[in-house]
Amino acid sequence: MHLLVVEDDRKLGRLLRRMLEDDRHVVELATDGKSGLEIALDAQGIEAMILDLGLPDMSGLEVAREVREAGSELPILVLTARDTVGDRVTGLDAGADDYLVKPFAYQELAARLRALSRRSSSGLKRPGPRLISGPIALDESTRRVMVDGLAVDLTPREFALLECLLRHPGQVMSRDQLLDQAWPYGVTVTLNAVDAYVHYLRDKLGAAGGHIETVRGVGYRMAAS
Ligand code: CA
């Protein structure tokens, strides 16, 4: 597997990397939360993260939470020295998939990693990447839209419009841009169609429709939440 290890204890980090590499994993090592988070969100192909909770700049809990808030499903195995029920629950709530209490045997870490990789490839996945603005959540993998946790039924065109607006929160999207991105290539529609569909979309979103702001003479903007 291609793994990311976030561990500020350099000796332990290097030891983990060597043992994992001996097991034919490819390992990226980060020694603080910020760089770990960057690699977790930006690097291509990372399949799991081994995350220490006690880090110098931000806690592992915050790292896990931010990874999840960014919509990533990256499996996270938390390493913690604090073996209390509260810490475990907090870690799992923050988005960790499993945890291991220090000190641990390498064999146990290896076994947990195998279980994580089985779970993430067996389809028992958490919800896919989500675009969120206030009460509106759009799941790109299941193509479902929820407002305040309740499903909203959208036509494919309404869905595409909403997706396009949510992808650029706070940014004004001209009607031309929306046409380009939410209508199939080659379909001839007028700019008025964009207004009409935004109107339908707002209606279906109810009170949350107010998150789609009109920018007079230009287009529309999804309120940054
Ligand atoms: Ca530490």
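Where is His25 found? His25 lies in the loop between helix 1 and strand 2. The model described here is predicted. Five strands form one open sheet with parallel pairing, and four strands form another open sheet with antiparallel pairing. The largest nonpolar core has 28 residues, and a second, separate core has 21 residues.

**His25 and its surroundings**

- The relative accessibility of His25 is 17%, and the residue therefore counts as buried, the limit being under 20%.
- Outside the residues up to four places away in sequence, His25 touches Met1, Leu3 and Leu20.

**The parallel sheet**

- The strand order in this open sheet is 2-1-3-4-5.
- Strand 2 (26–30) and strand 5 (98–101) are the edge strands, each of which pairs on one side only.
- From one strand to the next, the twist averages 20°.
- Strand 4 (residues 76–80) and strand 5 run parallel and are joined by four bridges.
- Within strand 5, Asp98 is the bridge partner of Leu77.
- Helix 1 (residues 10–22) packs on this sheet and touches strand 1 (2–6), strand 2, strand 3 (48–52) and strand 4.
- The direction of helix 1 makes about 170° with that of strand 2.
- Helix 2 (residues 33–42) lies across strand 1, strand 2 and strand 3, and runs at about 160° to strand 1.

**The antiparallel sheet**

- The strand order in this open sheet is 6-7-8-9.
- Its edge strands are strand 6 (130–133) and strand 9 (150–152), and each pairs on one side only.
- With direction ignored, neighbouring strands of this sheet are turned by 25° against each other on average.
- Strand 7 and strand 8 run antiparallel and are joined by four bridges.
- Ala137 has Met146 of strand 8 as its bridge partner, while Leu138 stands opposite Val145 in strand 8.
- Helix 6 packs on this sheet through contacts with strand 6, strand 7 and strand 8, and its direction makes about 110° with that of strand 7.
- Three bridges pair strand 8 with strand 9 in the antiparallel sense, and Val147 stands opposite Leu150 of strand 9.
- Strand 8 has Val145 and Val147 on its covered face, and Arg144 and Met146 on its uncovered face.

**Hairpin connections**

- The hairpin of strand 7 and strand 8 has four residues between the strands, and Arg143 in this hairpin takes a positive phi near 55°.
- The hairpin of strand 8 and strand 9 has two residues between the strands, and Asp148 in this hairpin takes a positive phi near 50°.

**Nonpolar cores**

- In the core of 28 residues, those with the most contacts inside it are Ile136, Val145, Leu162, Leu178, Leu205 and Ile212.
- At least two residues of this core are supplied by each of strand 7 (136–139), strand 8 (144–147), helix 6 (156–167), helix 7, helix 8 and strand 12 (219–222).
- Helix 6 provides the largest share of this core, with seven residues.
- Residues up to four places away in sequence aside, Ile136 touches Leu131, Val145, Met146, Val147, Leu162, Leu166, Leu205, Ala208 and His211.
- The second core, of 21 residues, includes Leu51, Leu53, Val67 and Ala94.

**Packing of helix 7 and helix 8**

- Two packed helices are described by the angle between their axes and the distance between the axes.
- The axes of helix 7 (residues 175–182) and helix 8 (residues 191–205) come within 9 Å and cross at roughly 80°.
- Helix 7 is therefore roughly perpendicular to helix 8, a class that covers angles of 65 to 115 degrees.
- Helix 7 makes this contact through Arg175, Asp176, Leu178 and Leu179, and helix 8 through Leu191, Asn192, Val194 and Asp195.
- By class, the contact has four nonpolar, one polar and three charged residues.

**Arg114**

- Arg114 is placed in helix 5 (residues 106–121).
- Arg114 counts as partly exposed because its relative accessibility is 48%, and this class lies between 20% and 50%.
- Arg114 and Ala64 are 50 residues apart along the chain, and their C-alpha atoms are separated by 20 Å.

Terms used: Residues numbered from 1 in each chain as written. Predicted model: local features only at pLDDT ≥ 70, side-chain atom pairs only at ≥ 80, totals over all residues. Heavy atoms only, no water. Axes fitted to C-alpha atoms, helices over the stretch in contact; angles between N-to-C directions. Parallel < 35°, antiparallel > 145°, perpendicular 65-115°, else oblique. Contact = heavy atoms within 4.5 Å. Nonpolar A, V, L, I, M, F, W, Y, C, P; charged D, E, K, R; others polar. Buried < 20%, exposed > 50% of the residue type's maximum accessible area, 1.4 Å probe, protein only. Pairing = 2+ DSSP bridges. Core = buried A, V, L, I, M, F, W, Y, C linked by side-chain atoms within 4.5 Å.
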